[in-house]
Every structure is written in C-alpha cells, then in structure tokens.
Amino acid sequence: MELHHGIDNLHLVNPVVTIGSFDGVHKGHVQVIASLKQVAERLGGETVIISFEPHPREVIYPLEKRPGILTTLEEKRAILERLGVQHLIILPFTRALAELTYTEFVRNLLVDGIGVKGLVIGYDHRFGKNREGTFEKLKGLAEQYHFYLEQEKVYTENDINISSTKIRNALQIGDLRQVNEFLGYAYSLRGKVIPGDRIGRTLGFPTANLALEDERKLLPAGGVYAVQVEAKRKVCGGMLNIGVRPTVSCTGKVRIEVNLFDFEGDLYGESLRVALIARIRGEQKFDGKAELAAQLERDREEALERLKENASR
C-alpha cells in the first residue's frame, strides 16, 4: 500500500474512494472496504482511502476534551494494508478544510484533485461544512461529474451498529470483550521501554515500563489485563497493569507496566506491541507488598488461563 500526505503529484488509475477517520478500522469499516474493492474491480480502478490528521474533532471542537484515538497512523496503515487497500491519502485537517462545503470538497479534492472514478460512503457518512454532504445531495454531484456513487448499509453485530464512539466507550469502562468483538482483533498499545523504579522485581514480577508512541492513544480502564507481547521479534504471553499503583506509589501518575512470561533479556529502549486479550480485574489497593505479590500470582494464573482459551479459539 502507498501512503500519501496530501494530493499533490498523485497519479492514480481510476481511483475509487472512500472517506473518513477510520479510527479503529473496525468491522463496520471492513464492510465498507470490501465494497470499495468490489467497485474498484468493476471499474478497473485502484482503491483509495482518504483520512485525516489530526482527528477532525480536535480542530472543530478545540476546547472539548480530546476523544483519544483507537489507532495511530502507523497502526491504521498496517491494518489497511492487510485489508488490501492500495492507497491511503492523509489530508491535514485544518480550519480551512473544515470550512469547505461538500460541493467544494467533491469538486476541488475528488474531481479536480485526484480524478475520482467512484465514491463509496458509509451508511451515515456526511462530509463538508456542517456535515451537509449527505448521500442524497451527492447523487447530483455524481451525475454532474460522472462518477459512480454507492452507499453501504449499516453493519450490525448482535443488533448493535458498530461505531468508533461505542468502542471508545466500552474501552473506558474496561469492557474489553466488547471492544475486541467490535474491532475484530485485539486492541493494542505500542510503546518504548523506559526505566522504572524496579518495584516489580522486589515482588517477583519484573515489569517493562512503557511510554506510548502516541500520547493521544486511548488507554483502557485501569486494571490488570492478559496480553500478548511482541518483543524482539518474538511473541510471548504476559500481564499488563495500567493505573496509579496505589499500593506502592502516591504520585497519582498513570503507569503502563507489562510482566512478560517466559522471557529473558534486556528490553530497555525496545519498542513493544502489547495486544490486550482479556481484562482480569480492576485496580486495587492492598495492605502491603506481600498481599500485592500474592494477588499478582493469582493474576498470573488467570492470565495464563485466558491466553490458553484465546489460543484455542
């Protein structure tokens, strides 16, 4: 897949386009991409996704608390490439872009900018100033500029329509089962291993402390998780703790620490990918390190069981 920043000097063959943030690249997005590929095959064209950086809400509502992102640009690129998308165009989302009407967006960016041959949109997708670019309004532009237009039906699972907002909400309350079900894969965190205070070693559970590669990445609810970790080109099980560590610290600073099972070696400075498989429990305060260590041993046993169950699916 080719990654493009902006639309200058692009040479695309009969581009068939879909547009959106594609945050999370969840099952609903996968349905749109499947249709995108089918339309491109019929029209003899290339598949193109137009997305934005930063997230549009950060620009349109600058005083609003940032929603947090489910996928970094690198994660999004990797997932879309696996799904067979040929081109990902990243447009810098600015006030000027937000002020374009849907007719200006179609004419300036899609028609004159890249020579759109087909446009596939999600069931509720709108674009342009004040989100006025509905499917019904786009029909006239498709006829005027001679490009194919298709709207996808809503994707539902267990009678629930999937959205990035619903995934964020589930993540923030620790409903990892729902998160991974909606995504179709395990939610993950990426970060570099940084020095910690080595308290885990004194408890018999040494941990790698992570600094996220993108601070906008949305963290799940605090607690302990069974995880799979990619480290030094190896994959191993482990358990992850996210929280303020109330038993051993009073700083109130959120830490991300992962204990790797059956791994030996120095990880300082290494980049890890941590896939969250199951939530074991919420964060708790214990009466001292001995009680905490005993609980960590129980957590380890449960994490191993959850990882075993996941491997057998």
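How many helices and strands are there in the protein chain?

1. The protein chain has 10 helices and 14 strands, taken as DSSP runs numbered from the N terminus (helices H or I, at least four residues; strands E, at least two). This is a predicted model, in which local features need pLDDT of at least 70, side-chain atom pairs count only at pLDDT 80 or more, and totals for chains, interfaces and linings use all residues. Residues are numbered from 1 along each chain as its sequence is written, and side-chain values use heavy atoms, with hydrogens and water left out.

2. One open sheet consists of 6 strands in the order β1-β4-β3-β2-β5-β6, with parallel pairing; two strands pair if DSSP finds at least two bridges between them. Its edge strands, β1 (2-5) and β6 (148-151), each pair on one side only. On average, neighbouring strands of this sheet are turned by 20° against each other, direction ignored; axes are lines fitted to C-alpha atoms, for helices over the stretch in contact, and angles run from 0 to 180 degrees between N-to-C directions.

3. Strands β3 (residues 47-53) and β4 (residues 87-92) run parallel and are joined by 6 bridges. V48 stands opposite H87 in β4.

4. Helix α5 (residues 102-114) packs on the sheet and touches β2, β3, β4 and β5, contact meaning heavy atoms within 4.5 Å. The direction of α5 makes about 145° with that of β2. Helix α1 (residues 27-43) lies across β2 (16-19), β3, β5 (118-121) and β6, and runs at about 160° to β2.

5. Of the contacts in the protein chain with a separation of 6 or more, 75% are between residues 24 or more positions apart. The C-alpha trace spans about 75 × 45 × 40 Å along its principal axes.
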